[in-house]
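Thanks for coming, everyone. Please take a look at the sequence and the structure on the screen, and then I will walk you through them.

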Amino acid sequence: MEDLFRVGIISSTHGIHGEVKVFPTTEPITRFQQIKEVFLDTGAEKILLKIEGVKFFKQFAILKFKGYNSINDIQKYKGKELWVSRENAVPLEENEYYIADLIGLTVSSDQGEVLGELTDVLQTGANDVYIVKMENGKEVLFPAIAECVQSVDLEKGAMVVHVMEGLLDE
């Protein structure tokens with residue numbers, strides 16, 4: 001299981017006092033209000049940053065980090081990713097999972113047939129969609145709804161799905 005989760009990418013500076021505009025890769029964007037610290041991935045190292053302030057502008061979070069008080073201190077981090085540790089990640093509700101934990105699960109049908117591996121998750125407006133690479137190389141999309149996803153066992157690395165009619169048709 002992953003220990004760090006990406007929550008955003010610094011898209012630009014914001015003003016001259018060390019704030020940054022962050023494109024969120026987590027939702028809802030208001031989760032940034034609960035995050036107290038992030039790891040900044042510089043490419044060479046991960047730097048722990050304490051969040052001092054959070055504002056929102058359009059689809060962006062505006063973050064202020066403790067000790068970074070000038071545009072000159074922070075502009076070199078444009079395009080860099082922000083990560084949180086599993087311990088500091090926002091808690092999930094029942095039957096919710098971190099996408100990073102789902103990637104790589106072996107997906108089987110409720111009839112016991114191994115279908116393939118979960119390779120990605122599409123986040124749509126209505127519900128997530130799991131992309132499963134079948135053993136024959138073909139990709140199949142499974143909606144992340146109760147009628148389709150029967151069980152998820154992260155410890156065993158397995159997911160059981162009900163193959164709805166027409167889903168595997170050529």
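**Walking through the fold**

Start at the N terminus: the elements run β-β-β-β-β-α-β-α-β-β-β-β-β-β. That gives 2 helices and 12 strands in the chain. Keep in mind that this is a predicted model.

Now the overall dimensions. The C-alpha trace spans about 60 × 30 × 30 Å along its principal axes. The chain has 170 residues, and buried ones make up 35% of them.

Next, the largest pocket. What is its volume? About 950 Å³. The lining of this pocket comprises 33 residues, and the ones closest to the centre are Y97, Y98, I99, Q123 and D128. Which elements supply at least two lining residues each? They are β1 (4-14), β6 (81-85), α2 (99-102), β9 (128-134) and β11. By class, the lining has 20 nonpolar, 7 polar and 6 charged residues.

On to the rings. A pair of aromatic rings is described by the distance of the centres and the angle of the planes. The count here is 3 aromatic pairs. Take F23 and F60 as one of them: this pair is edge-to-face, 6.4 Å centre to centre, with 65° between the planes. F23 is in strand β2, residues 19-24, and F60 is in strand β5, residues 60-65, so the pair ties together parts that are 37 residues apart in sequence. Is each ring residue buried or exposed? F23 is partly exposed, because its relative accessibility is 40%. F60 counts as buried, because its relative accessible area is 16%, and the cut-off for buried is under 20%.

A further pair is Y68 with Y77. Again the geometry is edge-to-face: 6.3 Å between centres and 70° between the planes. Y68 is buried, with a relative accessible area of 16%. Y77 is buried too, at 10% relative accessibility.

Back to F60 for a moment. What sits over the ring of F60? The charged end of K21, 5.4 Å from the ring centre.

Now a lysine that belongs to the same strand as F60: K64 is found in β5. Buried or exposed? K64 counts as buried, because its relative accessibility is 12%. And where does its side chain go? The side chain of K64 reaches the backbone oxygen of Y68, at 2.5 Å. Y68 is the residue we just met in the pair with Y77.

Let me turn to the loops. Follow the chain out of β5 and you come to G67, in the loop between β5 and α1 (71-74). G67 is exposed, because its relative accessible area is 56%, and the cut-off for exposed is over 50%. How far is G67 from G18? They are 49 residues apart in sequence, but 8.8 Å apart in space, C-alpha to C-alpha.

On the other side of β5 is K58, in the loop between β4 (46-57) and β5. Look at the backbone here. The phi of K58 is near 55°, a positive value in a residue other than glycine. For context, most residues other than glycine have a negative phi. K58 counts as exposed, at 69% relative accessibility.

One loop earlier, we have T42. T42 lies between β3 (37-41) and β4. T42 counts as buried, because its relative accessibility is 19%; recall that buried means under 20%. What does the side chain of T42 contact? A polar atom of that side chain lies 3.3 Å from the backbone nitrogen of A44.

Last stop, towards the far end of the numbering. K156 is in the loop between β11 (149-153) and β12 (158-161). K156 is exposed, with a relative accessible area of 69%. Which residue does K156 approach across the sequence? T106: the two are 50 residues apart in sequence and 9.0 Å apart in space, C-alpha to C-alpha.

To recap, briefly. The largest pocket has a volume of about 950 Å³, and its lining includes 20 nonpolar residues. F60 pairs with F23, and the charged end of K21 sits over the F60 ring. K64 is buried, and its side chain reaches the backbone oxygen of Y68. K58 has a positive phi. And once more, the model is predicted. Thank you.

Terms used:
Residues numbered from 1 in each chain as written. Predicted model: local features only at pLDDT ≥ 70, side-chain atom pairs only at ≥ 80, totals over all residues. Heavy atoms only, no water. Helix = DSSP H or I, 4+ residues; strand = E, 2+ residues; numbered from the N terminus. Buried < 20%, exposed > 50% of the residue type's maximum accessible area, 1.4 Å probe, protein only. 1 Å grid on protein atoms, 1.4 Å probe; cavity = no way out; pocket = protein on both sides within 12 Å on 5 of 7 lines; lining within 4 Å. Points joined across faces, edges and corners; volume = space filled by probe spheres on them. Nonpolar A, V, L, I, M, F, W, Y, C, P; charged D, E, K, R; others polar. Phe/Tyr/Trp six-rings, centres within 6.5 Å; stacked < 30°, edge-to-face > 60°. Lys NZ or Arg CZ within 6 Å of the ring centre and 35° of its normal. Polar contact = N/O pair within 3.5 Å; in protein donor to acceptor, adjacent residues only side chain to side chain.
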